[in-house]
Structures are given as structure tokens and as C-alpha cells.
Amino acid sequence: MVKIGTNVTSIRYTTFFGADNLVSISIPSSIIDINTDMFSPDNIQNLSEIIIDPNSHKYKSIDGVLFNKLGTTLLLYPVKKDGTKFIMPSTVNTIASV
């Protein structure tokens, strides 16, 4: 697991480039900008969980999946998320592309 420090405010493309062994990431409430392109299967092939600090004003995690804070946009579904079924929250009206 990678746990990002609370002094970090942005996650950019090159942050985890080639992090093939990254399985889980914990993102603090200080993060206000996430470039989800960096989480593409080409860069992070084994990501199964994204954890967001519940005090985040911009993002949240539901069952290891990344959403905007309101839960209206699914931002990132980890490529190696366990299970074969995911029930989309009824609040979602947009699915972002990676």
C-alpha cells in the first residue's frame, strides 16, 4: 500500500508511472487534484483499492472505487478490484473515462 502524505495536494501522471506492484493507495484529505490518467492499466496493472480520507472535500471512496465527493461521478474503478459484481450507487450520473 502507498500512503500519500498530508502535505501533498495534487497527484499527477508521473507520480506512479510504472508502479506495477501497487495494489492499494490511501489518499489524504489534502488532495484537491487527481489526474486519473496515471491509474490506467498500462501504468498500474494491479491496483485493487483506492482509499480516500473521509474528511476529503473533493473525493470519496465507495468500496475501494474513486468518486467525486457528491458521489455523482465515478472517477476510477481499479483494474484489479476483487469480485465480479459492483452495484453502482444511485447518485451516479456520470462515468469518467480513463
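Leaving aside neighbours within four places in sequence, Tyr-77 is in contact with Val-65 and Phe-86 in this predicted model. Tyr-77 belongs to the loop that runs between strand 8 and strand 9, and its relative accessible area of 34% makes it partly exposed, because that value falls between the 20% limit for buried and the 50% limit for exposed residues. Phe-86, with a relative accessible area of 23%, is likewise partly exposed. The rings of Tyr-77 and Phe-86 form an aromatic pair of the edge-to-face kind, with 5.4 Å from centre to centre and 75° between the planes; the count of such pairs comes to 1. Tyr-77 also lies 8.5 Å from Ser-48, C-alpha to C-alpha, although 29 residues separate the two in sequence.

The strands on either side of this loop belong to an open sheet of 4 strands, arranged in the order 6-7-8-9 and mixed in its pairing. Strand 6 (59–62) and strand 9 occupy the edges, and each has a single partner strand, so one side of each is left without a neighbour in the sheet. In general, the strands of a sheet pair through backbone hydrogen bonds, in either the parallel or the antiparallel sense. The pairings of this sheet are set out below, each with a pair of residues that stand opposite one another.

| Strands | Sense | Bridges | Residues standing opposite |
|---|---|---|---|
| Strand 6 and strand 7 | antiparallel | 4 bridges | Ile-62 and Val-65 |
| Strand 7 and strand 8 | antiparallel | 2 bridges | Leu-66 and Leu-76 |
| Strand 8 and strand 9 | parallel | 2 bridges | Leu-74 and Ile-95 |

Val-65, which stands opposite Ile-62 in the pairing of strands 6 and 7, is also one of the contacts of Tyr-77. Strand 7 covers residues 65–68 and strand 8 covers residues 73–76, while strand 9 consists of residues 94–95. The hairpin formed by strand 7 and strand 8 has 4 residues between the strands, and within this hairpin Gly-71 adopts a positive phi near 75°.

A second open sheet contains 3 strands in the order 1-3-5, with parallel pairing. Here strand 1 (2–3) and strand 5 are the edge strands, and because each has a single partner strand, one side of each lacks a neighbour in the sheet. Strand 1 and strand 3 run parallel and are joined by 2 bridges, with Lys-3 having Ser-26 in strand 3 as its bridge partner.

Both sheets contribute to the largest nonpolar core, since strand 3 (24–27), strand 5 (49–52) and strand 8 each supply at least two of its residues. This core has 17 residues, among which Ile-27, Ile-34, Phe-39, Leu-47, Ile-50 and Leu-66 touch the most other members. Which residues does Ile-34 touch, not counting those up to four places away in sequence? They are Ile-11, Ile-27, Phe-39, Tyr-59 and Leu-66. Of these, Ile-27, Phe-39 and Leu-66 are themselves among the core residues that touch the most other members. Leu-66 also has a place in the strand pairing already described, where it stands opposite Leu-76 in strand 8.

Note on methods:
Residues are numbered from 1 along each chain as its sequence is written. This is a predicted model: local features need pLDDT of at least 70, side-chain atom pairs count only at pLDDT 80 or more; totals for chains, interfaces and linings use all residues. Side-chain values use heavy atoms; hydrogens and water are left out. Two strands pair if DSSP finds at least two bridges between them. A nonpolar core is a set of buried Ala, Val, Leu, Ile, Met, Phe, Trp, Tyr and Cys residues joined through side-chain atoms within 4.5 Å. Buried means under 20% relative accessible area, exposed over 50%, partly exposed in between (1.4 Å probe, protein chains only). Contact means heavy atoms within 4.5 Å. Rings of Phe, Tyr and Trp (its six-membered ring) pair if their centres lie within 6.5 Å; planes under 30 degrees apart count as stacked, over 60 as edge-to-face and the rest as tilted.
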